[in-house]
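Student: Please pick one side chain and go through its surroundings in detail. I would like to know what it touches, what it pairs with and how the parts around it are arranged.

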Amino acid sequence: MSNQAPNEARVIPLRPPAARPPAAPAAMPPGPAAPPGPAAREPLFRDLIGDVLRRERLAQERTLKDVADAARISMPYLSEVERGRKEASSEVLAAAAHALGLGLGDLLSLAQGELVRLTSRHVPGGSHGRAGARYDGLCLAA
């Protein structure tokens with residue numbers, strides 16, 4: 001017989017579990033509450049890209065089928081990408097962007113703007129210790 005844990009024990013969630021309210025607030029000492037960790041605030045890249053694609057498509061008053069056909073990808077897959085359910089490859093993202101009249105750089109720039117808007121964090125002392133400096137770039141690593 002094996003001493004191996006059940007499959008559920010080996011599952012690593014992609015998103016952090018939803019925050020639960022404390023069971024007994026009176027038991028906690030008074031004082032400032034700790035800010036949520038960075039994982040709780042940072043949106044997923046696939047959600048940002050999906051939001052940008054959907055917003056651009058709707059702004060052009062185009063259907064999902066129209067854009068999927070122009071990009072030569074399946075309509076269900078494009079729908080999943082727009083909803084942030086799928087991590088699309090760079091080829092798929094470029095095809096969807098081109099179908100909307102955008103370049104891949106345009107798509108990434110719009111996603112970066114959305115990331116900045118959603119997080120709105122300013123690092124005290126600026127980036128790399130330079131006073132007033134701000135990071136305006138987007139870095140992707142694979």
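Tutor: Contact here means heavy atoms within 4.5 Å. The model is a predicted one. The residue to look at is Glu-114, which lies in helix H6, residues 104–119. By the contact criterion, and leaving aside neighbours within four places in sequence, Glu-114 is in contact with Leu-48 and Arg-55.

Is Glu-114 buried or exposed? Its relative accessible area is 9%, and a residue under 20% is classed as buried, so Glu-114 counts as buried.

Next, the charged partners. As a general point, side chains of opposite charge can pair when their charged atoms come close. Which side chain meets Arg-55 in a salt bridge? That is Glu-114, with an N to O distance of 3.7 Å. The cut-off for a salt bridge is 4 Å, so the pair at 3.7 Å qualifies. The Arg-55 and Glu-114 pair links distant parts of the chain: Arg-55 sits in helix H2, residues 45–59, while Glu-114 is in helix H6, and 59 residues separate the two. Arg-55 has 39% relative accessibility and counts as partly exposed, whereas Glu-114 is buried.

Glu-114 also meets Arg-117 in a salt bridge, at 2.7 Å from N to O. The side chains of Glu-114 and Arg-117 are joined by a polar contact of 2.7 Å as well. This second pair stays within one helix: Glu-114 and Arg-117 both lie in H6, three residues apart, or about one turn of the helix. Arg-117 is exposed, with 53% relative accessibility, because the exposed class begins over 50%. Elsewhere, salt bridges that share partners join Arg-54, Arg-57 and Glu-82 into one network.

The structure holds eight salt bridges. Another one is formed by Glu-80 and Arg-83, whose closest N and O atoms are 2.3 Å apart. Glu-80, at 23% relative accessibility, is partly exposed, and Arg-83, at 37%, is partly exposed too.

Back to the helices that hold Arg-55 and Glu-114. Two packed helices are described by the angle between their axes and the distance between the axes. H2 and H6 pack at about 115°, and their axes are 9 Å apart. Angles of 65 to 115 degrees count as roughly perpendicular, which means that H2 is roughly perpendicular to H6. The crossing of the two helices is right-handed. From H2, the contact is made by Phe-45, Leu-48, Ile-49, Val-52, Leu-53, Arg-55 and Glu-56. From H6, it is made by Leu-107, Leu-108, Leu-110, Ala-111, Glu-114, Leu-115 and Leu-118. Glu-114 and its two H2 contacts, Leu-48 and Arg-55, thus appear among the residues of this helix pair.

To put the picture together: Glu-114 is a buried residue of H6, with one salt bridge to Arg-55 and another to Arg-117. The Arg-55 partner belongs to H2, and the Arg-117 partner belongs to H6.

Methods. Residues numbered from 1 in each chain as written. Predicted model: local features only at pLDDT ≥ 70, side-chain atom pairs only at ≥ 80, totals over all residues. Heavy atoms only, no water. Helix = DSSP H or I, 4+ residues; strand = E, 2+ residues; numbered from the N terminus. Buried < 20%, exposed > 50% of the residue type's maximum accessible area, 1.4 Å probe, protein only. Polar contact = N/O pair within 3.5 Å; in protein donor to acceptor, adjacent residues only side chain to side chain. Axes fitted to C-alpha atoms, helices over the stretch in contact; angles between N-to-C directions. Parallel < 35°, antiparallel > 145°, perpendicular 65-115°, else oblique. Left-handed = near helix turned anticlockwise from the far one by under 90°.
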